[in-house]
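User: I am new to this protein and would like to know the reasons behind the labels people put on it. Could you walk me through them?

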Amino acid sequence: MKSSAPGKIILFGEHAVVYGRPALAIPVMQVQVDVEVLDTSRAGIFINAPKINLHAELDALPADHPIASVIHNLFSTLDLPAPAGGLEINIESTIPVAAGLGSGAAVSVALIRALVLYVERSLSDEQVNNLAYEVEKLHHGTPSGIDNTVITYAKPVYFIKGKPGERFKVGKPFTIVIGDTGMPAPTKEAVGDVRRLWLKDPIRFEAIFNEISQISLIARRSIESGMPEMLGEIMDHNHAFLQEMSVSSIELDRLVNAARDAGAIGAKLSGGGRGGNMIALVKKEDAESVAQAIMSAGAKQTIITEVS
Ligand code: MEV
(Lines give C-alpha, C1' and ligand atoms only; values in the text may rest on other atoms or scores of the structure.)
Protein backbone atom coordinates (compact mmCIF):
# COMPACT_ATOMS: atom_id res chain seq x y z
CA MET A 1 0.00 0.00 0.00
CA LYS A 2 1.39 3.36 -1.02
CA SER A 3 0.57 6.99 -0.39
CA SER A 4 2.26 10.32 -1.11
CA ALA A 5 2.03 13.87 0.19
CA PRO A 6 3.50 17.11 -1.21
CA GLY A 7 5.61 19.81 0.39
CA LYS A 8 4.26 23.30 1.07
CA ILE A 9 5.20 26.93 1.24
CA ILE A 10 3.55 29.80 3.07
CA LEU A 11 2.92 32.68 0.67
CA PHE A 12 1.85 35.22 3.31
CA GLY A 13 1.10 35.39 7.00
CA GLU A 14 3.47 32.95 8.74
CA HIS A 15 3.85 33.54 12.50
CA ALA A 16 0.91 36.00 12.54
CA VAL A 17 -1.24 32.92 11.77
CA VAL A 18 -0.29 31.49 15.18
CA TYR A 19 -2.10 34.56 16.65
CA GLY A 20 -5.34 34.09 14.75
CA ARG A 21 -4.50 36.13 11.65
CA PRO A 22 -5.11 34.70 8.16
CA ALA A 23 -2.32 33.18 6.09
CA LEU A 24 -2.05 31.76 2.57
CA ALA A 25 -0.22 28.55 1.73
CA ILE A 26 0.20 26.41 -1.36
CA PRO A 27 1.31 22.82 -1.91
CA VAL A 28 4.63 22.26 -3.66
CA MET A 29 4.14 19.22 -5.87
CA GLN A 30 7.77 19.09 -7.08
CA VAL A 31 8.82 17.53 -3.77
CA GLN A 32 7.03 14.79 -1.89
CA VAL A 33 7.01 12.06 0.70
CA ASP A 34 6.21 8.51 -0.42
CA VAL A 35 5.20 5.89 2.11
CA GLU A 36 4.90 2.20 1.36
CA VAL A 37 3.51 -0.37 3.81
CA LEU A 38 4.42 -4.01 3.12
CA ASP A 39 3.89 -7.36 4.76
CA THR A 40 7.08 -8.98 5.95
CA SER A 41 7.88 -12.39 7.39
CA ARG A 42 9.79 -10.91 10.35
CA ALA A 43 7.71 -10.28 13.47
CA GLY A 44 7.45 -6.61 14.40
CA ILE A 45 6.77 -3.26 12.73
CA PHE A 46 9.90 -1.97 11.04
CA ILE A 47 10.30 1.61 9.95
CA ASN A 48 12.86 2.73 7.37
CA ALA A 49 13.24 6.44 6.79
CA PRO A 50 16.70 6.83 5.21
CA LYS A 51 16.35 10.59 4.85
CA ILE A 52 16.40 11.00 8.63
CA ASN A 53 18.60 7.94 9.17
CA LEU A 54 15.87 6.03 10.93
CA HIS A 55 15.86 2.25 10.77
CA ALA A 56 14.03 1.02 13.82
CA GLU A 57 11.34 -1.19 15.18
CA LEU A 58 8.26 0.71 16.32
CA ASP A 59 8.54 -0.66 19.86
CA ALA A 60 12.07 0.71 20.14
CA LEU A 61 10.96 4.29 19.44
CA PRO A 62 9.93 6.60 22.28
CA ALA A 63 6.12 7.00 22.39
CA ASP A 64 6.41 10.72 21.62
CA HIS A 65 8.53 10.14 18.52
CA PRO A 66 6.52 11.82 15.74
CA ILE A 67 6.38 8.67 13.57
CA ALA A 68 5.52 6.40 16.51
CA SER A 69 2.84 8.78 17.67
CA VAL A 70 1.29 8.97 14.18
CA ILE A 71 0.98 5.18 14.21
CA HIS A 72 -0.35 4.91 17.79
CA ASN A 73 -2.84 7.81 17.37
CA LEU A 74 -4.07 6.38 14.09
CA PHE A 75 -4.84 2.96 15.49
CA SER A 76 -6.57 4.42 18.51
CA THR A 77 -8.68 6.65 16.20
CA LEU A 78 -9.57 3.62 14.10
CA ASP A 79 -10.26 1.72 17.31
CA LEU A 80 -8.03 -1.10 16.10
CA PRO A 81 -5.08 -2.76 17.85
CA ALA A 82 -1.77 -1.93 16.14
CA PRO A 83 -0.98 -4.80 13.74
CA ALA A 84 0.66 -7.61 15.70
CA GLY A 85 3.63 -7.55 13.38
CA GLY A 86 5.13 -8.53 10.12
CA LEU A 87 4.99 -5.02 8.74
CA GLU A 88 7.56 -2.89 7.00
CA ILE A 89 7.03 0.84 6.54
CA ASN A 90 9.31 2.57 4.02
CA ILE A 91 9.36 6.36 4.06
CA GLU A 92 11.14 8.09 1.17
CA SER A 93 11.21 11.85 0.80
CA THR A 94 12.48 14.50 -1.57
CA ILE A 95 11.33 17.29 0.78
CA PRO A 96 14.32 18.89 2.50
CA VAL A 97 14.08 18.26 6.26
CA ALA A 98 13.76 21.22 8.67
CA ALA A 99 13.61 23.64 5.76
CA GLY A 100 10.14 25.11 6.27
CA LEU A 101 8.69 22.97 3.45
CA GLY A 102 6.45 20.89 5.68
CA SER A 103 8.41 17.62 5.60
CA GLY A 104 7.13 16.54 9.03
CA ALA A 105 3.48 17.15 8.17
CA ALA A 106 3.92 15.42 4.80
CA VAL A 107 5.34 12.30 6.49
CA SER A 108 2.35 12.25 8.86
CA VAL A 109 -0.23 12.64 6.09
CA ALA A 110 1.32 10.06 3.74
CA LEU A 111 1.90 7.58 6.58
CA ILE A 112 -1.67 7.90 7.87
CA ARG A 113 -3.13 7.37 4.39
CA ALA A 114 -0.87 4.39 3.57
CA LEU A 115 -1.71 2.65 6.87
CA VAL A 116 -5.44 3.31 6.46
CA LEU A 117 -5.28 1.63 3.04
CA TYR A 118 -3.30 -1.25 4.53
CA VAL A 119 -5.94 -1.99 7.19
CA GLU A 120 -8.69 -1.53 4.58
CA ARG A 121 -10.42 1.28 6.39
CA SER A 122 -11.15 4.84 5.33
CA LEU A 123 -10.76 8.24 6.95
CA SER A 124 -12.09 11.57 5.73
CA ASP A 125 -9.60 14.30 4.80
CA GLU A 126 -10.73 16.12 7.92
CA GLN A 127 -9.81 13.13 10.10
CA VAL A 128 -6.43 12.80 8.38
CA ASN A 129 -5.85 16.52 8.94
CA ASN A 130 -6.80 16.32 12.63
CA LEU A 131 -4.46 13.40 13.22
CA ALA A 132 -1.60 15.14 11.43
CA TYR A 133 -2.26 18.27 13.53
CA GLU A 134 -1.82 16.27 16.75
CA VAL A 135 1.64 15.26 15.56
CA GLU A 136 2.49 18.82 14.48
CA LYS A 137 2.06 19.77 18.12
CA LEU A 138 4.94 17.42 18.98
CA HIS A 139 7.16 18.99 16.30
CA HIS A 140 6.31 22.62 16.88
CA GLY A 141 4.70 23.22 20.26
CA THR A 142 1.96 25.68 19.31
CA PRO A 143 1.39 25.20 15.58
CA SER A 144 -1.43 27.00 13.82
CA GLY A 145 -2.33 23.91 11.78
CA ILE A 146 -1.66 25.55 8.40
CA ASP A 147 1.06 23.08 7.34
CA ASN A 148 -0.98 19.90 7.89
CA THR A 149 -4.04 21.55 6.30
CA VAL A 150 -2.39 22.60 3.02
CA ILE A 151 -0.60 19.25 2.77
CA THR A 152 -3.71 17.16 3.52
CA TYR A 153 -5.83 18.92 0.92
CA ALA A 154 -2.94 19.56 -1.53
CA LYS A 155 -4.63 22.76 -2.72
CA PRO A 156 -3.95 26.48 -2.12
CA VAL A 157 -5.51 27.43 1.20
CA TYR A 158 -6.54 30.59 3.05
CA PHE A 159 -6.19 29.60 6.65
CA ILE A 160 -7.31 30.95 10.02
CA LYS A 161 -6.32 28.94 13.11
CA GLY A 162 -9.14 26.79 14.47
CA LYS A 163 -11.21 27.01 11.27
CA PRO A 164 -11.30 24.68 8.30
CA GLY A 165 -9.01 26.00 5.59
CA GLU A 166 -10.76 27.86 2.76
CA ARG A 167 -9.92 27.04 -0.83
CA PHE A 168 -9.33 30.05 -3.02
CA LYS A 169 -9.38 30.43 -6.75
CA VAL A 170 -6.25 31.42 -8.66
CA GLY A 171 -7.52 33.93 -11.25
CA LYS A 172 -4.29 33.89 -13.26
CA PRO A 173 -1.35 31.48 -12.79
CA PHE A 174 1.86 32.92 -11.37
CA THR A 175 5.40 31.70 -10.86
CA ILE A 176 7.32 31.39 -7.61
CA VAL A 177 11.01 30.59 -7.19
CA ILE A 178 11.82 28.88 -3.90
CA GLY A 179 15.38 29.18 -2.60
CA ASP A 180 16.80 27.02 0.17
CA THR A 181 19.44 28.64 2.42
CA GLY A 182 20.60 25.16 3.43
CA MET A 183 20.46 26.32 7.06
CA PRO A 184 18.03 24.45 9.31
CA ALA A 185 14.76 26.25 10.10
CA PRO A 186 14.07 25.64 13.79
CA THR A 187 10.32 26.39 13.62
CA LYS A 188 9.62 25.57 17.26
CA GLU A 189 12.39 27.91 18.44
CA ALA A 190 11.37 30.72 16.08
CA VAL A 191 7.71 30.44 17.15
CA GLY A 192 8.82 30.43 20.83
CA ASP A 193 11.01 33.51 20.35
CA VAL A 194 8.18 35.42 18.66
CA ARG A 195 5.96 34.51 21.59
CA ARG A 196 8.50 35.89 24.09
CA LEU A 197 8.82 39.13 22.09
CA TRP A 198 5.02 39.42 21.83
CA LEU A 199 4.67 38.95 25.60
CA LYS A 200 7.29 41.68 26.17
CA ASP A 201 5.73 44.16 23.76
CA PRO A 202 2.19 43.06 22.93
CA ILE A 203 1.10 46.42 21.52
CA ARG A 204 3.89 46.50 18.94
CA PHE A 205 3.47 42.85 18.00
CA GLU A 206 -0.31 43.01 17.75
CA ALA A 207 0.14 45.99 15.39
CA ILE A 208 2.57 43.97 13.23
CA PHE A 209 0.18 41.01 13.17
CA ASN A 210 -2.66 43.34 12.12
CA GLU A 211 -0.57 44.70 9.23
CA ILE A 212 0.20 41.13 8.13
CA SER A 213 -3.47 40.29 8.37
CA GLN A 214 -4.20 43.08 5.87
CA ILE A 215 -1.43 41.76 3.62
CA SER A 216 -3.02 38.28 3.56
CA LEU A 217 -6.43 39.77 2.76
CA ILE A 218 -5.05 41.89 -0.09
CA ALA A 219 -3.04 38.89 -1.35
CA ARG A 220 -6.10 36.66 -1.51
CA ARG A 221 -8.06 39.33 -3.39
CA SER A 222 -5.20 39.94 -5.85
CA ILE A 223 -4.78 36.22 -6.55
CA GLU A 224 -8.51 35.61 -6.97
CA SER A 225 -8.99 38.57 -9.24
CA GLY A 226 -6.14 37.50 -11.52
CA MET A 227 -3.72 40.29 -10.54
CA PRO A 228 -0.78 38.37 -9.06
CA GLU A 229 1.64 41.16 -10.05
CA MET A 230 0.13 43.11 -7.12
CA LEU A 231 1.69 40.57 -4.75
CA GLY A 232 5.27 41.76 -5.19
CA GLU A 233 5.11 44.86 -3.06
CA ILE A 234 3.18 43.21 -0.24
CA MET A 235 5.64 40.31 -0.29
CA ASP A 236 8.42 42.80 0.38
CA HIS A 237 6.36 44.38 3.18
CA ASN A 238 5.64 40.98 4.69
CA HIS A 239 9.38 40.21 4.70
CA ALA A 240 10.12 43.50 6.46
CA PHE A 241 7.60 42.62 9.19
CA LEU A 242 9.19 39.18 9.58
CA GLN A 243 12.58 40.87 9.96
CA GLU A 244 11.08 43.08 12.66
CA MET A 245 9.80 39.93 14.36
CA SER A 246 13.44 38.64 14.43
CA VAL A 247 12.81 35.56 12.28
CA SER A 248 14.88 36.45 9.22
CA SER A 249 18.63 35.77 9.02
CA ILE A 250 21.67 37.01 7.11
CA GLU A 251 21.34 34.07 4.70
CA LEU A 252 17.61 34.61 4.09
CA ASP A 253 18.10 38.35 3.57
CA ARG A 254 20.95 37.65 1.15
CA LEU A 255 18.78 35.38 -1.02
CA VAL A 256 15.80 37.77 -0.82
CA ASN A 257 18.00 40.69 -1.95
CA ALA A 258 19.61 38.64 -4.71
CA ALA A 259 16.18 37.71 -6.04
CA ARG A 260 15.02 41.33 -6.04
CA ASP A 261 18.25 42.51 -7.72
CA ALA A 262 17.77 39.85 -10.41
CA GLY A 263 14.33 41.19 -11.28
CA ALA A 264 11.92 39.37 -8.95
CA ILE A 265 8.67 41.30 -8.44
CA GLY A 266 8.88 40.66 -4.70
CA ALA A 267 10.54 38.28 -2.23
CA LYS A 268 10.27 37.14 1.36
CA LEU A 269 11.24 34.35 3.69
CA SER A 270 8.69 31.55 3.90
CA GLY A 271 7.73 29.45 6.92
CA GLY A 272 9.27 29.61 10.39
CA GLY A 273 12.40 31.47 9.24
CA ARG A 274 15.92 31.80 10.73
CA GLY A 275 16.93 29.33 8.02
CA GLY A 276 15.01 27.23 5.55
CA ASN A 277 13.47 28.75 2.46
CA MET A 278 12.64 32.06 0.87
CA ILE A 279 10.29 32.66 -2.05
CA ALA A 280 10.32 35.13 -4.92
CA LEU A 281 7.46 36.12 -7.19
CA VAL A 282 8.76 36.31 -10.75
CA LYS A 283 7.61 36.74 -14.32
CA LYS A 284 7.64 33.27 -15.85
CA GLU A 285 10.38 34.22 -18.30
CA ASP A 286 12.62 35.46 -15.47
CA ALA A 287 12.31 32.33 -13.33
CA GLU A 288 15.56 30.67 -14.49
CA SER A 289 17.68 33.80 -14.16
CA VAL A 290 16.28 34.63 -10.70
CA ALA A 291 16.88 31.01 -9.63
CA GLN A 292 20.48 31.30 -10.86
CA ALA A 293 20.99 34.57 -8.98
CA ILE A 294 19.68 32.92 -5.81
CA MET A 295 22.11 30.02 -6.30
CA SER A 296 25.01 32.44 -6.85
CA ALA A 297 24.04 34.15 -3.58
CA GLY A 298 24.55 30.84 -1.73
CA ALA A 299 21.31 28.86 -2.03
CA LYS A 300 21.67 25.11 -1.76
CA GLN A 301 18.72 24.36 -4.02
CA THR A 302 15.98 26.15 -5.90
CA ILE A 303 12.56 25.01 -7.05
CA ILE A 304 10.45 26.81 -9.63
CA THR A 305 6.74 26.31 -9.10
CA GLU A 306 3.68 27.52 -10.97
CA VAL A 307 0.66 28.41 -8.84
CA SER A 308 -2.57 27.68 -10.65
C1 MEV B 1 5.36 27.31 9.75
O2 MEV B 1 5.26 26.74 8.46
C3 MEV B 1 4.44 28.48 9.87
C4 MEV B 1 4.44 29.17 11.22
O5 MEV B 1 3.47 30.21 11.12
C6 MEV B 1 4.09 28.25 12.35
C7 MEV B 1 2.65 27.77 12.30
O8 MEV B 1 1.82 28.37 11.67
O9 MEV B 1 2.38 26.78 13.00
C10 MEV B 1 5.79 29.82 11.51
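Analyst: Gladly; this is a predicted model, and we can take its labels one at a time.

User: Let's start with the overall layout. What makes up the protein chain in terms of domains?

Analyst: The chain is divided into domain 1 (2–159) and domain 2 (169–307). Their C-alpha centres lie 25 Å apart. The contact between them takes 30 residues from domain 1 and 46 residues from domain 2.

User: How do you know that the largest nonpolar core lies between the domains?

Analyst: Domain 1 and domain 2 both give residues to this core, so it lies between them. The core has 102 residues, and Leu11, Ile89 and Ile176 touch the most other members. Helix α2 (residues 103–118) gives the most to the core, with 10 residues.

User: Which residues is Ile89 in contact with, leaving aside its neighbours within four places in sequence?

Analyst: With those neighbours left aside, the contacts of Ile89 are Val35, Glu36, Val37, Ile45, Phe46, Ile47, Asn48, Ile71, Leu111 and Leu115.

User: What makes Thr175 count as buried?

Analyst: Buried means under 20% relative accessible area. Thr175 has 5% relative accessibility, so it counts as buried. This residue has its place in strand β8 (residues 174–180). Not counting residues up to four places away in sequence, Thr175 touches Ala280, Leu281, Val282, Lys284, Ala287, Ile304, Thr305 and Glu306.

User: Why is the link between Thr175 and Glu306 called a polar contact?

Analyst: A polar contact needs a pair of N or O atoms within 3.5 Å, where one can donate a hydrogen and the other can accept it. The side chains of Thr175 and Glu306 are joined at 2.9 Å, so the pair falls within that cut-off.

User: And Ser249, why does that one count as buried?

Analyst: The same reasoning works here: the cut-off is under 20%, and Ser249 has 12% relative accessibility, so it counts as buried. Ser249 is found in the loop between α7 (231–244) and α8 (250–261). A polar atom of the Ser249 side chain lies 3.2 Å from the backbone oxygen of Arg274.

User: What makes you say that helix α4 is mostly covered?

Analyst: Seven of the eight residues of α4 (residues 146–153) are buried. They are Ile146, Asp147, Asn148, Thr149, Val150, Ile151 and Thr152. These buried residues pack against β1 (2–12), β2 (23–39), α2, α3 (125–140) and β6 (157–159). Just after α4, Ala154 takes a positive phi of about 50°.

User: Now to the ligand. Which residues are the closest to the ligand, and how many surround it?

Analyst: There are 13 residues around the ligand, and the closest are Lys8, His15, Pro143, Ser144 and Asp147. Asp147 is also one of the buried residues of α4.

User: How do you know that Lys8, His15 and Ser144 make polar contacts with the ligand?

Analyst: The cut-off for a pair of N or O atoms is 3.5 Å, and each residue can be set against it. A polar side-chain atom of Lys8 lies 2.9 Å from a ligand oxygen. For His15, a backbone N or O atom lies 2.8 Å from an oxygen atom of the ligand. In the side chain of Ser144, an N or O atom is 2.5 Å from a ligand oxygen. The protein covers 97% of the 300 Å² of accessible area that the ligand has on its own.

How values were computed
Residues numbered from 1 in each chain as written. Predicted model: local features only at pLDDT ≥ 70, side-chain atom pairs only at ≥ 80, totals over all residues. Heavy atoms only, no water. Core = buried A, V, L, I, M, F, W, Y, C linked by side-chain atoms within 4.5 Å. Buried < 20%, exposed > 50% of the residue type's maximum accessible area, 1.4 Å probe, protein only. Helix = DSSP H or I, 4+ residues; strand = E, 2+ residues; numbered from the N terminus. Domains from an automatic or database assignment. Contact = heavy atoms within 4.5 Å. Near = heavy atom within 4 Å. Areas by Shrake-Rupley, 256 points an atom, 1.4 Å probe, with all protein chains shown as cover.
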